[in-house]
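User: Please take a close look at one helix and the ground it rests on, and walk me through it in one connected account. I would like each cut-off stated where its term comes up.

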Amino acid sequence: MNIIKARQLVHEYIRRDEEGNVESIQTALNHVDIDVKEGQFIAILGHNGSGKSTFAKHINALLSPTEGSLWVDGKDVADEENILAVRQTAGMVFQNPDNQIIASVVEEDVGFGPENIGVPTETIWTRVADSLRSVGMLKYRNHSPNKLSGGQKQRVAIAGVMAMEPKCIVLDEPTAMLDPNGRKEVLRAVRELNQKKGITIILITHYMEEVVDADYVYVMDKGEVVMKGTPREIFSQVGKLKEHHLDVPQVTLLADILRQSGINVPLGVLTREELVEAIMRIAG
Amino acid sequence: MLRDITIGQYYPADSVIHKLDPRVKLFGTLIYVISLFCIKGVVGFVVATFFMAGMIALSKVPFKFMVKGLKPIMILMLITALFNLFLTPGDVLVSFWVLEITKEGVQNAVLMTIRLIYLILGTSVMTLTTTPNQLTDGLEKSLRPLNKIKVPVHAIAMMMSIALRFIPILIEETDKIMKAQMARGADFENGNMLKRIKNMIPLLVPLFVSAFRRADDLAMAMEARCYSGGAGRTKMKPLTYVKRDYIAYAVIIVYLLLSLLCGRI
Ligand SMILES: Nc1ncnc2c1ncn2[C@@H]1O[C@H](COP(=O)(O)OP(=O)(O)OP(=O)(O)O)[C@@H](O)[C@H]1O
Ligand SMILES: [Mg+2]
């Protein structure tokens, strides 16, 4: 079964003036179809304002569809009664690490989610320890979040979601405010959760390098899904990506330039090693 | 400079005081503050000093760290002391121009200054050794009876704990904005009071904008983690009294009696 299934999903932000008359309508999602299988690592790419966050918020029932439908683990998000269940199934990590940590001590923050859903005290403690361990933050459990680096804060936020034992985690540009090291830390943690615990990951990002390992990639532009495929399929279409204001990873770009100047490297090169190997082969 | 404010900051350490039930600490702080305003004599202050010194020693928070919390209220203390010094009627010791210093004035000034210092130190023992969450948990549980008269105790407690969590963040942000504007020629240090206040306005606007953005983000993050008010919540760290809490209550009561007995001497 697909853990996430969006069918013709439409979302309109409607701005009203003081009398309640519609002032303007902004279509942020325009008939979107997205399917995610359990255990997959999915990436969603897109230029600013392409509707990525709007989609993410639907998965967590923070917004509800204007038209069309979205099922999370078989539950319709538009149904009020499902809201808490949906939020438990699909956790959400936001961009700004400071604005999503609620407590002043790391372990208390991780315990916040389980407290909300009424998990018994002893179970909360084991869950908190397990989740902090799984993101490599166990030794910081008694620290204040203010003293952590951005990457560490984001890993705490991920642990906070993990403690609710979700099947799926949606990360909305979790690395946008981090330095390269923090970015690596967070991605490593996310990848491990996907591989070791089988958690479905939906990673929304601007950084092409983060997409290379994904099982499947969706590219959005102006509220529509404009491209989808494996990273290799996506990155072999350098021209089309540029049309949607996206840059490709440097190696891929270099490979593409080489191809255009007549050197026969394969399409959609993703890593430096692949490119080196291809060039070595051509050079004999 | 704004970072020196220690109120609302937790200092992690492994001490008896840290482990005490927050309700005990709240009660103790309340008693201590009340006692400070009842004490009028030297012996009373000796008792209060010993009590606080004992608490600070037990808390394992470095004394230097506590004293840092006094710096921001220096000016307030000075003003209070000066008012007391010059405006208390009584036996005139010295006088010049229209100002008179009286014996009672000196006494009051010293008394008020000591009280203020002890007040800040005493309350920071509590805030430094109790996480804001424990503190609000303690308040929530102590004030639970008010639920019956429709006071939203849980909501208030949650609001307080979030405010406490964001105080250091907002202070840091103010510092940053201040520096950024100082780099562009803004002046927060010179000129008269009115001018300085006026110079603060461009500081407040970005601060408010960002505070509202944060509040919005945070509300969403809380909702995403299934927060829906106090009903049906469990606690990771439920408050239960153990032996040391009863001992602490006893110590507090003994202190209260002592300070009442010796307070006037
Ligand atoms: N609360 C809102 N009210 C009105 N319009 C909104 C609101 N949030 C987003 N929009 C609009 O909806 C569109 C999609 O926004 P969304 O935040 O989903 O984009 P995004 O892909 O996440 O962009 P970014 O990369 O900047 O995060 C944008 O045009 C945006 O201006
Ligand atoms: Mg976004």
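Analyst: The place to begin is A:Ala61, which follows helix H1 of chain A and has a positive phi, near 55°. Helices here are DSSP runs of H or I with at least four residues, strands are runs of E with at least two, and both are numbered from the N terminus. Residues are numbered from 1 along each chain as its sequence is written, while chains are lettered from A and ligands numbered from 1 in the order in which they are written. The model is a predicted one, in which local features need pLDDT of at least 70, side-chain atom pairs count only at pLDDT 80 or more, and totals for chains, interfaces and linings use all residues, with side-chain values taken from heavy atoms and with hydrogens and water left out.

Going back into the helix, seven of the eight residues of H1(A) are buried, so that the element is mostly covered; buried stands for under 20% relative accessible area, exposed for over 50%, and partly exposed for what lies in between, with a 1.4 Å probe and protein chains only. The buried set consists of A:Lys52, A:Thr54, A:Phe55, A:Ala56, A:Lys57, A:His58 and A:Ile59, and thus includes two lysines and a histidine alongside residues such as A:Phe55 and A:Ile59.

What does the helix pack on? The sheet in question is open and has four strands in the order S2-S1-S4-S5 of chain A, paired antiparallel, where two strands pair if DSSP finds at least two bridges between them. Strands S2 (22-37) and S5 (75-76) of chain A stand at its edges, and because each has a single partner strand, one side of each is left without a neighbour in the sheet. At one of these edges, S5(A) is joined by two bridges to S4 (residues 67-72) of chain A, running antiparallel to it, with A:Val72 standing opposite A:Lys75 in S5(A). Against this sheet packs H1(A), residues 52-59, which touches S1 (2-16), S2 and S4 of chain A, contact being heavy atoms within 4.5 Å. The direction of the helix makes about 120° with that of S1(A), the axes being lines fitted to C-alpha atoms, for helices over the stretch in contact, with angles from 0 to 180 degrees between N-to-C directions.

One side-chain detail in chain A completes the account: the charged end of A:Lys5 sits over the ring of A:Trp71, 5.2 Å from its centre, the criterion being NZ of Lys or CZ of Arg within 6 Å of the ring centre and within 35 degrees of the ring normal.
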